[in-house]
Amino acid sequence: MKFIDLDTQYRKLKPGIDARIQAVLDQGEYIMGPQVAEFEEKLADYVGVKHAISCANGTDALQLVLMASGVKDGDAVFCPTFTFFATAEAISFVGARPCFVDSDETTFNMSPQSLVQQIQKQIESGLHTPKAIIAVDLFGQPANYPELEEIAKRFDLVLIEDSAQGLGGEISGRKAGSFGDAATTSFFPAKPLGCYGDGGAVFTNDDEYATLVKSLRVHGKGKDKYDNVRIGMNSRLDTIQAAILLEKLAVFPSEVALRNTVAGQYSTKLSDSIKVPIVPEGYLSSWAQYTLTSPDRTLLMAKLKTLGIPSAIYYATCMHQQSAFEDLGYQVGDFPIAERLSNEVFSIPMHPYLQKEDIDQIVSGLL
Ligand SMILES: *Cc1c(COP(=O)(O)O)cnc(C)c1O
């Protein structure tokens with residue numbers, strides 16, 4: 001059994017994907033070929049924003065957004081401590097200070113209460129200037145944007161949505177990728193919408209911001225790439241990856257629906273015996289991961305392993321406990337909810353093509 005089954009998806013989409021890759025090879029425009037603009041337009045339509053600007057990966061997307069937002073040395077940027085490293089790494093990379101925030105224990109996402117406490121703490125210390133918030137749509141579920149947008153406004157902070165895992169999710173019909181001042185995503189193969197290599201994108205409704213990100217992704221270009229008006233990056237989505245994503249985006253809404261069917265079956269069958277993930281009223285998750293919480297996870301994961309069922313821990317180490325962030329001076333106990341989650345969560349197989357027999361086998365392994 002596979003944790004994420006990309007082979008089955010490829011077999012289903014093979015004629016279309018193969019034809020699109022061949023078309024790129026025949027046409028020969030490997031960098032910024034016409035498929036890139038076509039994909040950006042369709043992706044923007046899907047998410048419901050004015051601009052989708054593709055780039056080389058989800059980490060670069062975060063860096064591009066931080067650069068475009070003018071985040072710099074001495075600024076404080078708030079992000080969850082319970083996330084993938086890239087969220088916090090991008091903050092340090094642009095010279096700002098990552099300020100970690102505890103989690104909401106029911107959704108695994110950034111706790112708005114903890115965010116307010118951490119902002120106030122920074123304001124009182126006066127050492128770093130609060131500048132931005134990066135909220136993460138962890139495991140496919142959008143963060144609490146109704147509250148986060150209000151907090152960002154109250155403290156005059158830029159709000160960035162890290163939707164690397166969140167594409168396909170919704171709050172009251174509004175799609176992930178459309179929240180905050182700008183959003184980012186990743187097309188790493190295992191993400192809900194993945195390509196066959198690295199890829200990423202930035203989303204915004206602001207024309208000027210979009211122009212700035214487009215300049216930053218090609219060496220800070222002005223008129224063209226040999227007219228350089230600012231320091232940028234080299235971060236583009238390959239034409240072949242855009243071609244693959246065009247084919248995958250067409251079936252993505254139906255895949256999100258299938259993931260929700262799988263999650264629904266898991267939750268119905270498991271909720272009496274183990275803590276299953278909660279999706280609040282009005283929210284839709286794209287189920288990048290289906291994540292259970294148990295103090296007995298070591299035992300449960302070992303039992304699954306003997307049955308040939310893969311499982312994985314996202315994430316065993318909070319950001320404030322990573323060696324790379326040791327110099328920030330955080331301590332064990334600073335974020336009790338996130339720390340407990342990192343000790344108790346584990347994820348079980350999740351993809352759109354998981355069969356009922358597999359689900360039954362996984363469930364019986366956990367009961
Ligand atoms: C995967 C991921 C990223 C980084 O995306 P890459 O394309 O791998 O660079 C950033 N943030 C989160 C929350 C992620 O899960």
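What volume does the largest pocket have? In this predicted model, the value is about 500 Å³. A total of 27 residues line the largest pocket. Those closest to its centre are Phe84, Gln165, Ser186, Phe188 and Lys191.

Three elements each give two or more residues to this lining: helix H3 (58–68), helix H4 (85–93) and strand E8 (182–186). Helix H3 gives the most, with three residues. Ser186, one of the residues closest to the centre, falls within the span of strand E8 (182–186). By class, the lining of the largest pocket holds 14 nonpolar, nine polar and four charged residues.

The second largest pocket encloses about 210 Å³ of space. Its lining is formed by Arg97, Cys99, Gln118, Lys121, Gln122, Leu328, Gly329, Tyr330, Asp334 and Phe335. Strand E3 (97–101) and helix H5 (112–125) are the elements that give two or more residues to this lining. The largest share comes from helix H5, with three residues. Arg97 and Cys99 of the lining lie in the range of strand E3 (97–101). Gln118, Lys121 and Gln122 lie in that of helix H5 (112–125). Also on the list are Leu328, Gly329, Tyr330, Asp334 and Phe335. The lining of the second largest pocket divides into four nonpolar, three polar and three charged residues.

Key
Residues are numbered from 1 along each chain as its sequence is written. This is a predicted model: local features need pLDDT of at least 70, side-chain atom pairs count only at pLDDT 80 or more; totals for chains, interfaces and linings use all residues. Side-chain values use heavy atoms; hydrogens and water are left out. On a 1 Å grid over the protein atoms alone, a cavity is a set of points where a 1.4 Å probe fits but cannot get out, and a pocket is an open set with protein on both sides within 12 Å along at least five of seven lines; lining residues have an atom within 4 Å of a point. Grid points are joined across faces, edges and corners, and a volume is the space filled by probe spheres set on the points. Helices (H or I, at least four residues) and strands (E, at least two) are DSSP runs, numbered from the N terminus. Ala, Val, Leu, Ile, Met, Phe, Trp, Tyr, Cys and Pro count as nonpolar, Asp, Glu, Lys and Arg as charged, and the others, Gly among them, as polar.
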